[in-house]
Each structure stands twice: as C-alpha cells, then as structure tokens.
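Here is a short tutorial in dialogue form. A learner asks how to read a structure, and a teacher answers.

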Amino acid sequence: MSKYADQRRDYTMGGLSDEDLCTSPFDLFERWMDQAVEAELADPTAMALSTIDAEGRPWQRLVLLKGFSADGFVFYTNYGSEKADAISNEPRVSLLFPWNELERQVIVGGRAEKMGAAESAAYFLSRPKESQLAAWASRQSRPISSKSLLERAFDDVKTKFASGEIPIPDFWGGYRVVPERIEFWQGGAHRMHDRYRYTLADDGGWLRGRLQP
C-alpha cells in the first residue's frame, strides 16, 4: 500500500444548502471569493487553467484571476505561450479555484475568448513596472538554456524602456472564459460533500441542481 494511502481528514467547516444559493452563480462566486480574501488565503485568486493542445493532450497551470462579471472570468498571458496555442486550437477550457483552507472548490467550464486591445491595454498600464518589463523580456513557454539569459533579457528591456511609458506588447493580452457551467463544492463530514452545478440555459438563464458527492 502507498505510504500516502492513509492521508485523509474529515471536512467539518460547514455545508452548502439550497438556502445558500443565489439565482446567479456569479453572485455566489463573489460571496465565496470575498470570504477567501477575508480569510487571508495565500493566493485566493489563483486558479488552475486546464487546456487541450493540438494533439489532444490536457495540461494545467495556475494563473491569477484578474476580474470577473456576468460576462466571464479574466486572465492575462503572452499570446505566444503554450496555453494560448492550446486555446487557439481548442477554446473549451476549465478553471478550478482550490480553496482548500475553506474546504471549498469552484470549477468553471466554458470557452476562452481573446479580449479587446483596449481592455488588455488598460490592465497592462495598471501593472507594476517590473511586471510590464517581464512581459517584454520573456518569450513565454520557449526553451532557454539558463536563468542568466532571462535576467539579461530583463536588463536589456529595462534599459530600452528606461524613460517614458513602457509600450503595450502586441503579443500580450487577456482572455475571458465565458462559462457554460459552474460547480460549487463544499466539503462535508463522512465524505458527504455538497455539490451544486449551475448550467447555462438556452435563454441565457442558469439552471441549478444538487449533485451526489
């Protein structure tokens, strides 16, 4: 037997019932996100983004949520990255918010769409200068032989853009994941977890129902 087989604990922090739900999943998501922030989780906006590449291989990585509304969930990246390549091939993606400390997770399934240049530019200009420079310095997901080469590239762009505003790279911008289903999971005692899934209806409203754990 694996030495990890007995690693388990019971979930006792609370439950999720019909009375706790909202008509819109975005309202419930905002409530849970606010609670994750108030609980001072290390990275409450971190979410696992799952994509499928041109060869049908799934991959995941953590990215940071930078905004959400009834239109969807927003993140930013290099448009030459592996995640962007995968999205261009298969725009259907999944997001997972792993709020383990609160015994919660939220799973989002939908389509990733490129955001407009103006909206991406507004966010880029709000970033710290070092983050702006890093976007220019890194050819994201491309091989590099040493960290020193990456640091040299950073120093080069820092010198290049030493004065004035740093221009917005044309290879960088945002995606909005437009959801088709959103699931809320709350851990429960004796593995009797609470799961509710919202599914987008043809009329634009949301249907919801409880799932067995």
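## Reading the model, feature by feature

Q: Where is Glu 30 found?

A: Glu 30 sits in helix α1, which covers residues 25-38. Keep in mind that this is a predicted model.

Q: How exposed is Glu 30?

A: Compare the relative accessibility with two cut-offs: under 20% is buried, and over 50% is exposed. Glu 30 has 40% relative accessibility, so Glu 30 counts as partly exposed.

Q: Which residues gather with Glu 30 in a patch on the surface?

A: Asp 27, Asp 34 and Glu 38 join Glu 30 there. The patch carries negative charge.

Q: Let us step back. How many helices and strands are in the chain?

A: The chain has five helices and nine strands. Next, read the order along the sequence. The pattern is α-β-β-β-β-α-β-β-α-α-α-β-β-β.

Q: What box do the C-alpha atoms of the chain fill?

A: The box is taken along the principal axes. Its sides are roughly 60 × 50 × 40 Å.

Q: How many residues are in the chain, and what percentage is buried?

A: The chain has 213 residues, and 39% of them are buried. Now look at the outside. The accessible surface is about 12,700 Å². Carbon and sulfur atoms supply 49% of that surface.

Q: What do the contacts say about residues far apart in sequence?

A: Take the contacts with a separation of 6 or more. Among these, 65% join residues 24 or more positions apart.

Q: How many positive and negative charges does the chain have?

A: The chain has 27 positive and 32 negative charges. Take the mean position of each set. The two mean positions are 6 Å apart.

Q: How do I read a salt bridge?

A: Look for a side-chain nitrogen of Lys or Arg within 4 Å of a carboxyl oxygen of Asp or Glu. This structure holds nine salt bridges. One of them joins Asp 6 and Arg 8, with the closest N and O atoms 3.6 Å apart. Both of these residues are exposed.

Q: Which residues are linked with Arg 57 in a network of salt bridges?

A: Asp 53 and Glu 55 are linked with Arg 57. Asp 53 meets Arg 57 at 2.8 Å, N to O. Glu 55 meets Arg 57 at 3.9 Å, N to O.

Q: Are Arg 57 and Glu 55 buried, partly exposed or exposed?

A: Use the cut-offs again. Arg 57 has a relative accessible area of 49%, so Arg 57 is partly exposed. Glu 55 has 64%, so Glu 55 is exposed.

Q: Now a loop. Where does Pro 143 lie?

A: Pro 143 lies in the loop between α4 (129-137) and α5 (147-160). Pro 143 counts as exposed because its relative accessibility is 81%.

Q: How far is Pro 143 from Arg 9?

A: Check both kinds of distance. In sequence, Pro 143 and Arg 9 are 134 residues apart. In space, they are 40 Å apart, C-alpha to C-alpha.

Q: Which residues form a nonpolar patch on the surface?

A: Ile 144, Leu 149 and Leu 150 form it. Together they have about 220 Å² of accessible area. Ile 144 lies in the loop between α4 and α5.

Q: What is phi of Glu 40?

A: Check the sign, and check whether the residue is glycine. Phi of Glu 40 is near 60°, a positive value in a residue other than glycine. Glu 40 is in the loop between α1 and β1 (46-52). At 70% relative accessibility, Glu 40 counts as exposed.

Q: What about phi of His 190?

A: Phi of His 190 is near 60°, again a positive value in a residue other than glycine. His 190 is in the loop between β7 (172-186) and β8 (194-200). His 190 counts as exposed because its relative accessibility is 66%.

Q: Last, a strand. Where is the place of Glu 113?

A: Glu 113 belongs to strand β6, residues 104-114. Its relative accessible area is 45%, so Glu 113 is partly exposed.

Q: Which residues is Glu 113 in contact with, leaving aside its neighbours within four places in sequence?

A: Glu 113 is in contact with Gly 174, Tyr 175, Arg 176 and Val 178. Now try a C-alpha distance. Glu 113 and Ile 87 are 26 residues apart along the chain, and their C-alpha atoms are separated by 8.5 Å.

Terms used:
Residues are numbered from 1 along each chain as its sequence is written. This is a predicted model: local features need pLDDT of at least 70, side-chain atom pairs count only at pLDDT 80 or more; totals for chains, interfaces and linings use all residues. Side-chain values use heavy atoms; hydrogens and water are left out. Patches are made of residues with over 30% relative accessible area and no salt bridge: like charges are joined within 9 Å, nonpolar side chains (Val, Leu, Ile, Met, Phe, Trp, Tyr) within 5 Å. Accessible areas come from the Shrake-Rupley method with a 1.4 Å probe; for residues, only the protein chains shown count as cover. Lys and Arg count as positive and Asp and Glu as negative; His and the chain ends are not counted. The place of a charge is taken as NZ of Lys, CZ of Arg, CG of Asp or CD of Glu. Helices (H or I, at least four residues) and strands (E, at least two) are DSSP runs, numbered from the N terminus. Buried means under 20% relative accessible area, exposed over 50%, partly exposed in between (1.4 Å probe, protein chains only). Contact means heavy atoms within 4.5 Å.
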